[in-house]
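The following paragraphs lead through selected features of a single structure, from one helix to cysteines, an annotated domain and charged pairs. Please keep the model in view while reading.

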Amino acid sequence: MYAASFRRLASGVAFIATASGGAVLSLASSDKDRTIVESLRRTIGDPTASVPPRSVQESALSGASLSNPLDLLVIGGGATGSGVALDAATRGLRVGLVERDDFSSGTSSRSTKLIHGGVRYLEKAVFNLDYGQLRLVFHALEERKQLIENAPHLCHALPCMTPCFSWFEVVYFWMGLKMYDLVAGPRLLHLSRYYSAKQSVELFPTLASKGKDKSTTLTGTVVYYDGQMNDSRVNVGLACTAALAGASVLNHAEVVSLIRDGVSQRVIGARIRNNLSGKEFDTYAKVVVNAAGPFCDSVRKMADGESKPMICPSSGVHIVLPDYYSPQGMGLIVPKTKDGRVVFMLPWLGKTVAGTTDSPTSITSLPKPHEDEIQFILDTITDYLNIKVRRTDVLSAWSGIRPLAMDPTAKNTENMSRDHIVLEDCPGLVTITGGKWTTYRSMAEDAVDAAIKSGKLKPSNDCVTQKLQLVGSYGWDPSSFAALAQQYVRVKKTHGGKMVPGTMDTAAAKHLSHAYGSMADRVATIAQEEGLGKRLAHGHPFLEAEVAYCARNEYCESAVDFIARRCRIAFLDTNAAEKALKRVVEILASEHKWGKTRQMQELKMAKEFLQTFKSSKNAH
């Protein structure tokens with residue numbers, strides 16, 4: 001068995017060495033494109049820039065008429081939809097985007113938080129000598145590099161440790177990950193390497209020294225690097241960057257029906273309902289892009305009730321555990337569990353996130369993790385840790401729906417794609433679905449290219465998003481937090497109205513710097529000058545000032561918008577999130593001029609939302 005595996009690995013090395021020679025991705029851009037990027041950089045990188053108010057965005061959408069339509073209307077504000085809006089707007093097109101709930105409210109906020117280079121695709125490419133799978137790896141590695149560079153405050157390289165309990169496993173994983181290094185080439189984050197058992201335990205103190213059956217001993221580990229991100233904040237950054245580039249983006253705005261031309265039956269617009277006010281209006285566009293993720297079939301059926309489904313939804317469950325489960329700078333990957341799945345255990349925002357599962361599910365707007373899925377993750381990581389893994393340690397647990405896609409025009413629909421699909425099965429409606437977070441940018445590029453072809457649009461330039469950084473990235477560097485700590489104080493308002501200054505401690509400064517990038521100074525200014533420097537929850541770095549900043553600058557329209565997508569406290573610790581709710585609602589009420597009734601509604605909806613996160617407190 002071992003000899004056969006090594007022979008296949010050797011064949012794979014030769015295959016990859018040959019394929020790598022021709023896999024050069026062109027990043028060349030014209031002088032015109034470089035001029036466009038520089039102009040956008042000045043707009044997006046302006047530290048005083050503000051996104052247009054929500055009322056202005058809604059007026060731009062409702063003002064798009066049959067005689068003066070948008071070039072593109074994007075349905076869906078996840079990573080792909082927001083990426084489409086940014087891509088199209090930076091090509092000089094007139095763009096609108098509507099999202100039924102909030103930016104990143106669906107799958108895009110419920111990921112593993114990894115920016116995958118495609119190491120699992122590489123294994124398939126090697127053993128099947130499959131160039132198609134290898135091409136996916138090249139593509140994912142390139143997009144991984146671009147995402148980390150375009151949002152450096154929100155993305156970083158993370159070492160991931162693979163435990164080995166025999167010398168065969170050591171050689172097998174070492175060779176495989178060295179091939180990963182080879183394929184990455186200039187896109188490499190850091191070289192993979194082997195660590196002895198003693199070194200491994202020093203790096204990862206909770207790692208078990210015995211195998212799961214206790215008959216084998218840890219031989220060593222192989223460590224490789226992938227990217228990690230704060231997924232929903234990248235998504236919100238995409239939407240806000242698109243708005244600064246000229247797109248009219250509107251969250252909490254639902255498409256209730258599509259408008260079709262009476263003669264040609266081409267889709268020419270949509271009926272939109274503002275879910276905050278209840279107001280409805282029509283908006284028109286030359287092309288509508290359906291980027292609704294798991295819900296894209298629902299949008300397609302609005303255009304054609306007979307359309308064949310193309311989404312096979314899959315549930316991915318993750319749990320959050322205390323920080324002592326994993327060291328701050330090292331993740332753990334179990335490459336193959338007893339049922340063939342991959343499980344990660346990763347440090348994330350001061351906690352440990354573990355997952356994931358991959359099982360069929362139904363499509364719902366608020367998916368809940370099942371107890372058996374949570375237990376599967378706990379049981380799996382138990383085999384690799386030397387500490388007791390307890391259900392009572394689960395601070396939060398959530399489920400996300402992966403939109404695995406099938407091409408409805410394909411004759412063979414047996415194999416679902418982890419790659420993306422772009423199609424126009426109804427004139428004027430371009431659907432983009434499938435794929436993964438890492439490749440959102442190139443997915444968006446493909447969708448805009450298809451929309452330009454469909455609507456005979458005339459962009460002013462080619463795609464420029466490869467080298468376009470997101471809002472907060474310009475002028476940021478990893479030491480920026482030190483300037484925040486030195487220059488600002490956190491002023492807290494007491495119950496009596498007295499202002500009490502406090503230090504901008506390192507934890508708060510680092511959090512603001514990494515969450516908001518170069519915009520962190522504006523949040524710190526609010527904390528200092530408006531008395532909103534108090535922490536929202538004990539043991540967490542989130543400040544009251546963030547609520548006000550997000551309401552003013554990031555289209556934060558509800559309590560759930562804040563606790564789930566602007567700050568991640570709902571995902572990190574549901575009990576702490578519930579304790580922070582009252583103050584979050586008070587600040588949002590002040591910003592948005594809510595009355596008592598709306599405040600009570602917000603509290604109720606937020607508590608119902610938190611019930612779907614199966615922490616140990618609300619497990620049953």
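In this predicted model, helix α7 covers residues 167-184. Its 18 residues, at 1.5 Å a residue, should span 26 Å, and the end C-alpha atoms are 25 Å apart, so the expected and computed spans agree. Many positions of α7 are buried, namely Phe168, Val170, Tyr172, Phe173, Leu177, Met179, Tyr180, Asp181, Val183 and Ala184. After the helix comes glycine 185, which has a positive phi near 55°.

Within α7, the side chains of lysine 178 and aspartate 181 form a salt bridge, with N and O 3.7 Å apart. The two residues are three positions apart in the helix, and therefore about one helical turn separates them. Lysine 178 is partly exposed because its relative accessible area is 26%, whereas aspartate 181, at 8%, is buried.

The next topic is the cysteines. How many disulfides does a search of the whole structure find? The search finds zero. Cysteine 556 illustrates why: the closest cysteine sulfur, in cysteine 550, lies 5.7 Å from its own, too far for a bond when the cut-off is 2.5 Å. Cysteine 567 is likewise in no disulfide, the nearest cysteine sulfur being that of cysteine 550, 8.0 Å away. Cysteine 556 has a relative accessibility of 0% and so counts as buried; cysteine 567 is also buried, with a relative accessible area of 2%.

An unreviewed UniProt entry places the feature "domain: Alpha-glycerophosphate oxidase C-terminal" at residues 463-598. Over these residues the chain is 54% helix and 7% strand, and the end C-alpha atoms are 42 Å apart.

Charged pairs also connect separate parts of the chain. Side chains of opposite charge can pair when their charged atoms come close. The structure holds 39 salt bridges. One of them joins arginine 565 and aspartate 102, with an N to O distance of 3.0 Å. This pair links distant parts of the chain, 463 residues apart: arginine 565 belongs to helix α17 (residues 559-566), while aspartate 102 sits in the loop between β2 (95-99) and β3 (114-115). Both arginine 565 and aspartate 102 are buried.

Another salt bridge pairs arginine 402 with aspartate 358, whose closest N and O atoms are 3.4 Å apart. Here arginine 402 lies in strand β16 (residues 396-405) and aspartate 358 in the loop between β14 (351-355) and β15 (359-360), 44 residues apart. Aspartate 358 counts as partly exposed because its relative accessibility is 34%. Finally, salt bridges with shared partners join Asp101, Asp102, Arg233, Glu554, Asp561, Arg565 and Arg566 into one network.

Note on methods: Residues are numbered from 1 along each chain as its sequence is written. This is a predicted model: local features need pLDDT of at least 70, side-chain atom pairs count only at pLDDT 80 or more; totals for chains, interfaces and linings use all residues. Side-chain values use heavy atoms; hydrogens and water are left out. Helices (H or I, at least four residues) and strands (E, at least two) are DSSP runs, numbered from the N terminus. The expected span of a helix is 1.5 Å times one less than its number of residues. Buried means under 20% relative accessible area, exposed over 50%, partly exposed in between (1.4 Å probe, protein chains only). UniProt positions are given in the numbering used here, feature names are shortened, and annotations may be inferred rather than shown by experiment. A salt bridge is a side-chain nitrogen of Lys or Arg within 4 Å of a carboxyl oxygen of Asp or Glu.
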